[in-house]
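User: I would like a close look at a single part of this protein, set in the context of what surrounds it. Please take your time and keep the answer connected.

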Amino acid sequence: VIRRLDLPKSATRAVDVVAGEELPQDGFSAAILTGSHNMVTDKPDWSERTAQWLRRQVENRTPILGICYGHQLLADALGGVAGPNPRGREFGNQKIRLKTAAKSDSLFGSLPKVFEGHCCHAQSALKLPAGAVCLGGNIHEPNHVVRFAENCWGVQFHPEFDVEATRYYIEQCKEVLSKQGVDTKKLSAAVGPTPESYALINRFANYCY
């Protein structure tokens, strides 16, 4: 994520909330919530503390971008519902179609109507909070792109992933994906670069600065 921001390392700070590090209360201009191997529905203490922190930051209009777990946690923290996707897991390169509402969006307005993103998830934002706007999705994942509030977005896909990382996750989860009826060899072979998705994190940085 830090590499995709394309900012000096001194301009960023990583906070390991799982290890118990405290989230900052001031002195920062924006926040990105990454993915996680945990599940929002398990509600670990660190996740619940982060949810409380998120609610305060949204009230303060702090620019926020949630990725995968971060996306689902935003939905949960702001009054929506996160949980297992009834269609199963979504992995590999997947097409995301933007809605008309995305045309005027500060972050997604310049993206093509259809673009690809790397995916690796079992849970989703199943129900959006009041006031949230779905900006894009697909049949498997209707809420791939959501504007939760002013200056606050979530994406279910992984703009920080590359081809190697995506194929690695397919390999690690090939048994469960195969049981779901997915041809993992075909899925892995179809993985390729997703330039529009890659540019999203840097676009968020430019929006904030």
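Is C68 buried or exposed, and what is its relative accessible area?

Analyst: The model is a predicted one, and in it C68 has a relative accessible area of 6%, so it counts as buried. The count of disulfides comes to 0, and C68 accordingly is in none, the nearest cysteine sulfur being that of C120, 6.6 Å away. A disulfide would need the two sulfur atoms within 2.5 Å. C120 is likewise in no disulfide, and its nearest cysteine sulfur is that of C173, at 5.7 Å. With a relative accessible area of 14%, C120 is buried.

To place these cysteines, it helps to turn to the sheet. It is an open sheet of 7 strands with mixed pairing, and its order is β1-β2-β9-β8-β7-β4-β5. The edge strands, each pairing on one side only, are β1 (31-33) and β5 (114-121). From one strand to the next the twist averages 25°. Strands of a sheet pair through backbone hydrogen bonds, in either a parallel or an antiparallel sense. For β4 (residues 90-98) and β5 the sense is antiparallel, and the pairing extends over 8 bridges; in β5, E116 is the bridge partner of K95.

Helix α3, which spans residues 69-77, packs on this sheet, where it touches β1, β2 (64-67), β8 (145-149) and β9, and its direction makes about 115° with that of β2. Another helix, α7 (residues 195-208), lies across β1, β2, β5 and β9 and runs at about 95° to β5.

Within the sheet, G154 gives a view of how β9 is surrounded. This glycine lies in β9 (residues 152-155) and, at 0% relative accessibility, counts as buried. Setting aside residues up to four places away in sequence, G154 touches G66, H71, H144, V145, V146 and F148. I64 is 90 residues from G154 in sequence, yet the two C-alpha atoms are 8.1 Å apart in space.

Helix α4 (residues 163-172) shows a division between its sides. V163, T166 and I170 are buried in this helix, and because they cover an arc of only 70° around the axis, they are on the same side of α4. An α-helix has 3.6 residues a turn, so residues three or four places apart point the same way. E164 and Q172, on the other side of α4, are exposed. The buried residues of α4 pack against β4, β5, α5 (174-179), α6 (184-189) and α7, and α7 is the helix that also lies across β5. At the start of α4, a side-chain oxygen of D162 comes to within 3.3 Å of the backbone nitrogen of E164.

A last site to consider is N85, found in the loop between β3 (81-84) and β4. Although N85 belongs to a loop, its relative accessible area is 7%, and it is therefore buried. Apart from its neighbours within four places in sequence, N85 is in contact with H121, A122, Q123, S124, L126, H140 and E141.

Returning to the cysteine you asked about, C68 is buried and in no disulfide, with the sulfur of C120 at 6.6 Å as its nearest cysteine sulfur.

Methods. Residues numbered from 1 in each chain as written. Predicted model: local features only at pLDDT ≥ 70, side-chain atom pairs only at ≥ 80, totals over all residues. Heavy atoms only, no water. Helix = DSSP H or I, 4+ residues; strand = E, 2+ residues; numbered from the N terminus. Buried < 20%, exposed > 50% of the residue type's maximum accessible area, 1.4 Å probe, protein only. Contact = heavy atoms within 4.5 Å. Pairing = 2+ DSSP bridges. Axes fitted to C-alpha atoms, helices over the stretch in contact; angles between N-to-C directions. Arc of directions from axis to C-beta. Polar contact = N/O pair within 3.5 Å; in protein donor to acceptor, adjacent residues only side chain to side chain.
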